[in-house]
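Please open the model in a viewer and keep the sequence beside it. The tour below proposes one selection after another and states what is found at each stop.

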Amino acid sequence: MAEIPLCIGDCEIHWLSGGDFRLDGGAMFGPVPKTIWQNKFPVAVDNTLSLCNDPLLIRTPSLNILVDSGLGNKLTPKQQSVFATTEWILLSQLAHLGISRQDIDLVILTHCDFDHAGGVVMLGEDGREEVTFPDAIHMVQEREWQDVASPCRRAQESYWPINFNELKSNGRIQLVHGGRELCPEVRVRHTGGHTRGHQLVEISSQGETAVHLGDLFPTHAHANPLWVMAYDNFPLEVIACKQRYFAEYRQRDAWFTFYHDPLVRACKLGDKEMITDRWPRL
Ligand SMILES: [Zn+2]
């Protein structure tokens, strides 16, 4: 059964399959003891969690906007055997919606880790790298792009040059400093926290709002602001961001959308971060 898009006023939000992977549960819940987090999220006997990497397609009245791009089709057999569990079928899913890769107007990268930026450059039929969305402007925070250019030792593990080389030479990149309105319904805001240049995406139309906090809020089980990931580069900033944006967007009765959550596409939060409504993944 096809998933029903989440409608925010005049905009539709669809989720596309960017490839599932398995990550260590301890790393996903950082400082939280397993005896506590295992009650909130299903865990396998090897302590891994099954997570998706599902980009959001936002259809506004005038634009097709993709938020992040999944794992892509460039993983080596070894990488696939280590963590990937399903294929990147983003383009065929777009085709189902009647959208070609040339029809994507904007690609917003919340940040440039491989699980978010892996699909912006793909292997074409001839086996060569090509820009996946050749007509799209790719929006990245300036700070994030600086770190892609000269990553620290830790970031070298997640900013893979293979995801950017072709984009740098043949893609259209627009760097954002802070916040920017991309169209009347969609804007980005710099957050930091997970990475230095991480950004959020806000969708608002006809008095309704959704916010995509990217890896600041990876799954519904991370609603407690203190539940940060070992993958967060600046965990104290993540905690501060969650407190700030949860309060701000809760006031607007916003949907909080997810990229990594295999169970829930979006949720609403009430007092004390209680989940008051959820949009399930089918
Ligand atoms: Zn991620």
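Select Ile 58 first, in this predicted model. Leaving aside residues up to four places away in sequence, Ile 58 touches Cys 11, Ile 13, Ile 65, Val 67, Val 186 and Ile 203. One of these contacts deserves a separate look: Ile 13 stands opposite Ile 58 in β5. The strands involved are β2 (residues 11-15) and β5 (residues 56-59), which pair in the antiparallel sense over 4 bridges.

Ile 58 also belongs to a wider group. The largest nonpolar core has 75 residues, and those with the most contacts inside it are Ile 58, Val 107, Ile 108, Ala 210 and Phe 256. Helix α8 (residues 235-251) gives the most to this core, with 5 residues.

**The sheet that holds β2 and β5**

Next, colour the strands β1, β2, β5, β6, β7, β10 and β11 in that order; these 7 strands form an open sheet with mixed pairing. Why does one side of β1 and of β11 lack a neighbour in the sheet? Both β1 (6-8) and β11 (172-176) stand at the edges with a single partner strand each, so one side of each is left free of a neighbour. From one strand to the next, the twist averages 25°.

Now add helix α6 (residues 142-149) to the selection. Helix α6 lies across β10 (137-141) and β11, and runs at about 90° to β10.

**The second sheet**

Hide these elements and show β12, β13, β14, β15, β16, β17 and β18. They make up an open sheet of 7 strands in this order, again with mixed pairing. At the edges stand β12 (179-183) and β18, each with a single partner strand, so each has one side without a neighbour in the sheet. Neighbouring strands are turned by 25° against each other on average, direction ignored.

Zoom in on β15 and β16, which run parallel and are joined by 3 bridges. Here Val 211 has Phe 256 in β16 as its bridge partner. Helix α8 packs on this sheet, touching β14, β15, β16 and β17, and its direction makes about 160° with that of β15.

**Along helix α8**

Select the whole of α8. Its 17 residues should span 24 Å at 1.5 Å a residue, and the end C-alpha atoms are indeed 24 Å apart, which agrees.

Which residues of α8 are buried? They are Val 238, Cys 241, Lys 242, Tyr 245, Phe 246 and Tyr 249. Looking down the axis of α8, one finds the buried residues within an arc of 125°, so they line one face of the helix. These buried residues pack against β14 (199-205), β15 (208-212), β16 and β17. On the other side of α8, the exposed residues are Leu 236, Arg 244, Ala 247, Glu 248 and Gln 251.

**Two residues with positive phi**

Most residues other than glycine have a negative phi. Continue just past the end of α8 to Asp 253, which takes a positive phi of about 55°. Asp 253 is placed in the loop between α8 and β16 (255-257). This residue counts as partly exposed because 14 other C-beta atoms lie within 10 Å.

Then move to Lys 272, whose phi is near 55°, a positive value in a residue other than glycine. Lys 272 lies in the loop between β17 (264-269) and β18 (275-280). Lys 272 counts as exposed because it has 7 C-beta neighbours inside 10 Å.

**Two glycines**

Select Gly 72, in the loop between β6 (64-67) and α3 (77-82). Is Gly 72 buried or exposed? With 24 other C-beta atoms within 10 Å, Gly 72 is buried. Not counting residues up to four places away in sequence, Gly 72 touches Trp 88, Gly 118, Gly 119 and Met 122. A distance label from Gly 72 to Thr 191, C-alpha to C-alpha, should read 25 Å, while the two residues are 119 apart in sequence.

The last stop is Gly 26, which lies in helix α1 (residues 25-28). Gly 26 is partly exposed, with 18 other C-beta atoms within 10 Å. Apart from residues up to four places away in sequence, Gly 26 touches Lys 34 and Asn 47. Between Gly 26 and Gln 38 there are 9.9 Å in space, C-alpha to C-alpha, and the pair is 12 residues apart in sequence.

Methods. Residues numbered from 1 in each chain as written. Predicted model: local features only at pLDDT ≥ 70, side-chain atom pairs only at ≥ 80, totals over all residues. Buried ≥ 20, exposed ≤ 12 C-beta atoms within 10 Å, placed from the backbone. Contact = placed C-beta atoms within 7 Å. Pairing = 2+ DSSP bridges. Axes fitted to C-alpha atoms, helices over the stretch in contact; angles between N-to-C directions. Core = buried A, V, L, I, M, F, W, Y, C linked by C-beta atoms within 7 Å. Expected span 1.5 Å × (residues − 1). Arc of directions from axis to C-beta.
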